[in-house]
Amino acid sequence: MPDSVPAATAAQLDDPFAELRGPLAGTVRMRLEVADNAPLTPHMQRLVLTAPELADLTYRPGQDVMLLVAVDGNRPVRRRYTIRDLDTTRQRLTLDIVRHGDGPGERWVRSAQRGDTIEGIAPRGKVFVASAADWHLFAADESGLAAVFAMTGSLRPDARAAAFLEVPEAADEQKPDLPAGISLSWLAREGRPAGDPAALAAALQAAELPPGAGHVYLFGEARVVLALREVLAARGVPGEQVSAKAYWGRGKANAQHGEPARDS
Ligand SMILES: Cc1cc2nc3c(=O)[nH]c(=O)nc-3n(C[C@H](O)[C@H](O)[C@H](O)COP(=O)(O)OP(=O)(O)OC[C@H]3O[C@@H](n4cnc5c(N)ncnc54)[C@H](O)[C@@H]3O)c2cc1C
């Protein structure tokens with residue numbers, strides 16, 4: 001597949017990025033070119049995109065890029081991927097994207113070749129590091145790894161943080177360069193289906209909640225995120241100390257605007 005949406009098709013579309021206002025206010029529209037696209041682990045693809053606008057792009061760790069990955073009739077299909085890294089000097093944006101099976105985002109990423117282009121806007125997203133928190137606790141499936149690593153990578157060197165990270169198999173574990181006070185606990189499903197809350201819920205149930213006012217961050221499948229919120233509520237963690245974002249819904253494609261479908 002060359003470009004995500006050929007120019008002739010794009011001209012016919014309801015252009016979702018024609019007016020960057022409301023939730024899109026403050027974003028920058030770019031035609032991004034694929035600079036690199038290669039497997040990072042068995043189920044994770046590392047996509048590197050470039051565009052001149054990246055030289056001036058600013059973002060907060062945890063924010064994402066929205067890509068126009070396909071069209072459905074005259075309606076553009078968008079998908080969101082967290083910014084793993086941005087090198088403004090080289091104008092390179094790195095995304096780590098799960099290879100989960102099938103879907104318009106998955107198909108585009110799987111086939112994207114160096115030199116292909118894709119329309120996108122950034123930065124999007126409202127979940128940020130709570131910089132005043134005494135400690136940080138993260139729980140995510142593989143779709144949230146980029147967010148967890150971008151956010152923990154931005155913490156002060158003396159920050160106290162722990163992350164529970166579910167991945168398909170042990171070979172999907174990564175060794176990111178993070179400040180010393182951050183502990184990573186990997187939970188490999190080894191054949192169990194994605195989107196089952198049991199393992200992460202058990203980990204959060206048993207997790208140490210240090211003294212002081214901490215902050216918990218949850219990313220991943222919609223019902224998993226909901227179940228994890230319930231675990232935290234039952235443990236007495238106030239809602240304002242939890243930032244949660246559903247990234248996808250088990251058995252249901254995300255909506256055309258990139259969020260999990262409402263009943264996921
Ligand atoms: C703010 C935000 C940031 C995100 N950041 C990232 C990121 O950095 N990296 C990343 O990989 N994803 C990220 N996601 C999730 C990603 O956008 C979704 O997984 C999306 O569904 C992928 O689109 P698709 O077209 O490939 O699949 P869809 O068309 O949406 O879904 C097709 C089928 O695949 C299943 N499916 C979708 N995603 C997964 C998955 N991860 N695991 C197992 N089954 C799945 C669905 O249940 C459905 O049955 C983010 C989502 C949001 C909202």
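The shell around the ligand in this predicted model divides into 9 nonpolar, 11 polar and 10 charged residues. In total, 30 residues surround the ligand, and the closest are His100, Gly103, Gly105, Glu106 and Ala253. Four elements give two or more residues each to this shell: strand S4 (75–82), strand S6 (92–98), helix H2 (104–111) and strand S12 (242–248). Of these, S4 gives the most, with 4 residues.

Where does the ligand lie with respect to the domains? The domain assignment of the protein gives domain 1, covering 7–124, and domain 2, covering 136–248. Both domains give residues to the shell around the ligand, so the ligand lies between them.

The two domains also touch each other. Their C-alpha centres lie 25 Å apart, and 13 residues of domain 1 are in contact with 16 residues of domain 2. On the side of domain 1 that touches domain 2, the largest share comes from S6, with 3 residues. That side has 6 nonpolar, 5 polar and 2 charged residues by class. Strand S6 therefore appears in two places in this account, because it is among the elements that give two or more residues to the ligand shell and it also gives the largest share of the domain 1 side of the contact.Helices H4 and H5 form a packed pair. Two packed helices are described by the angle between their axes and the distance between the axes. For helix H4 (residues 198–206) and helix H5 (residues 222–234), the axes come within 9 Å and cross at roughly 20 degrees. An angle under 35 degrees counts as roughly parallel, which makes H4 roughly parallel to H5. The crossing in which H4 passes H5 is right-handed. On the H4 side, the contact is made by Leu200, Ala201, Leu204 and Gln205. On the H5 side, Val224, Ala227, Leu228, Val231 and Leu232 take part. By class, the residues of this contact divide into 8 nonpolar, 1 polar and no charged.

Two points of backbone geometry remain. The peptide bond from Ala122 to Pro123 is cis, with omega near -5 degrees, and Pro123 is placed in strand S7, residues 117–124. Gln91 is not a glycine, yet Gln91 has a positive phi of about 55 degrees. Where is Gln91 placed? Gln91 is in the loop between strand S5 (85–87) and S6.

Note on methods. Residues numbered from 1 in each chain as written. Predicted model: local features only at pLDDT ≥ 70, side-chain atom pairs only at ≥ 80, totals over all residues. Near = placed C-beta within 6 Å. Nonpolar A, V, L, I, M, F, W, Y, C, P; charged D, E, K, R; others polar. Domains from an automatic or database assignment. Axes fitted to C-alpha atoms, helices over the stretch in contact; angles between N-to-C directions. Parallel < 35°, antiparallel > 145°, perpendicular 65-115°, else oblique. Left-handed = near helix turned anticlockwise from the far one by under 90°. Contact = placed C-beta atoms within 7 Å.
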